[in-house]
Amino acid sequence: MRTIQEINEKILRQQVVVWTVEELKIRVQDSSVEQAFEEVDVICTGTFEPMESSGAIINLGHTDPPIKIRQCWIEGIPAYAAFGAVDLYLGATAMIDYAVTGEGADGDNRQGTVISERGGGHIIEDLIAGKPVSLRAVGQATDCYPRTSFETTITLETINQFYLYNPRNLYQNFIVGVNGGDYSLYTYLGPLQPELGNAVYSNPGAIGPLINDPNLEVIGIGTRIFLGGGVGYIAWEGTQHFPLQKRLPNKTPIGPAATLALIGDAKGMSSKWVRGCYFHNYGPSLMLGVGIPLPVLSLDVIKHCSVNDQEIVAPVVDFAIPRRVRPTFGLVNYAQLKSGKINIEGKTVRVAPLASISRSRQVAQELKQWIKTGQFTLTEPVVSLPKNRDFISQDLWGSRIGLD
């Protein structure tokens, strides 16, 4: 057994042994779980994938005369303003309000709804990159806040606070999307071609952070992480947190399970790891790099991190059925997914990931270097993440995939 304090002392002396989770899996194959436990102190995981349940808290600072903002648009994109006078929340999926800007739309979805290719995630990326963005605000006149309107340009340097607070990131496993219908569908997984023309998955599999701590034993509220190229923390359980998902004997879930709420200072982040993105005819989102260090406190940490892609499965879900509970085509493992092809009812179907596997590896490598050089120490969780949360919509993924 080890403690986080002991590991941190080795980090500060730059004597710590750190491996990425891929390096750990190779070492275990070449030697044993017991030998790896004797050698390594910290295992670094990482992912770079779309995380649309994300956003930024922005405090503008007071104007003269002061304003109590009740409506606000940043580059034409609405920011939520029902907080304090100059506090805003900009959601990653917020879209341009054309009724305000008077501009034309970039594209339309199948129903004819206006969808812009530029959203809140792009504004967050621009601010992190140091670019100026325009802001327009409408205020509620009061005795202490007499100003009723305000237009300006803001930058990373001119705003007071700018930090990400993301209600749901890092799904512990997810689904594979397909389309068994007769016309194309545009989804949060991207375009799904008709008649099982393609399949899309979003989780990086065996290198993903939460897959390697399936029981949430070494991470918790207060765990320090790599977030967007800067330092962040696990703030709470994520929305739709569902640790009671059915699991294989190796403890990995067979579909969406645990999630995390994350927080971190965006002023210390990099636009390399925080990127606005757009899903055709669905809307904008945010690509985000997240890395979690797993302290090797016991032999069980090594055992859990030894899981490989052949030992993790995800359900293949048919988006052609427009219902909350969608039919599935069973389970596939991540080795099959990463091969680029899967078999569905005798048909070979092309597969592509939404997560960037190469950038996920880079996140783990960068976090590893931070720890090796003494720039990043580990934190003790303040409270464990809940392990008994039920999910009101568990039938959505959990009980309709043939394992009952």
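**Exercise 1. Confidence**

For residues 108–112, under what value does pLDDT stay, and how many contacts beyond four places in sequence does the model have there?

*Solution.* Remember that this is a predicted model, so start with the confidence scores. Averaged over the protein chain, pLDDT is 93, and 92% of the residues score at least 70. Next, go to residues 108–112: pLDDT stays under 50 there, and the model has nine contacts beyond four places in sequence for this stretch. Residues 393–404 also stay under 50, with 27 such contacts in the model. Where pLDDT is low, the predicted coordinates should not be read in detail.

**Exercise 2. Cysteines**

Find how many disulfides the model has, and check cysteine 44.

*Solution.* Begin with the cut-off: two cysteine sulfur atoms must lie within 2.5 Å. Now look around cysteine 44: the nearest cysteine sulfur belongs to cysteine 305 and is 10 Å away. Cysteine 44 is therefore in no disulfide. The count for the model is zero disulfides. As a last step, check burial, for which the limit is under 20% relative accessible area. Cysteine 44 has 0% and is buried; cysteine 277, at 14%, counts as buried too.

**Exercise 3. One face of a helix**

Work out how the buried residues of helix α2 are arranged, and what they pack against.

*Solution.* First list the buried residues of α2 (residues 21–30): Val21, Leu24, Lys25 and Val28. Then look down the helix axis: these residues fall within an arc of 100 degrees, so they line one face of α2. Finally, identify the partners of the buried residues: β1 (18–20), α3 (33–39), β2 (42–50) and α6 (299–305).

**Exercise 4. A buried loop residue**

Locate alanine 206 and decide whether it is buried or exposed.

*Solution.* Alanine 206 sits in the loop between β15 (199–201) and β16 (220–221). Its relative accessibility is 3%, so alanine 206 counts as buried. Now see what surrounds it: beyond four places in sequence, the contacts of alanine 206 include Val21 and Lys25, both on the list of buried α2 residues. Val307 and Ile312 are also among the contacts of alanine 206.

**Exercise 5. Nonpolar cores**

Name the residues of the largest nonpolar core that touch the most other members.

*Solution.* The largest core has 98 residues. Those touching the most other members are Ile43, Ile74, Leu88, Phe162, Ile219, Ile302 and Ile371. Apart from this core lies another, of 18 residues, among them Val176, Val178, Val307 and Ile312. To finish, take isoleucine 74: beyond four places in sequence, it touches residues including Ile58, Leu88, Ile123 and Val133.

Conventions: Residues are numbered from 1 along each chain as its sequence is written. This is a predicted model: local features need pLDDT of at least 70, side-chain atom pairs count only at pLDDT 80 or more; totals for chains, interfaces and linings use all residues. Side-chain values use heavy atoms; hydrogens and water are left out. Buried means under 20% relative accessible area, exposed over 50%, partly exposed in between (1.4 Å probe, protein chains only). Helices (H or I, at least four residues) and strands (E, at least two) are DSSP runs, numbered from the N terminus. The arc is that of the directions from the helix axis to the C-beta atoms. Contact means heavy atoms within 4.5 Å. A nonpolar core is a set of buried Ala, Val, Leu, Ile, Met, Phe, Trp, Tyr and Cys residues joined through side-chain atoms within 4.5 Å. pLDDT is the predictor's confidence in each residue, from 0 to 100.
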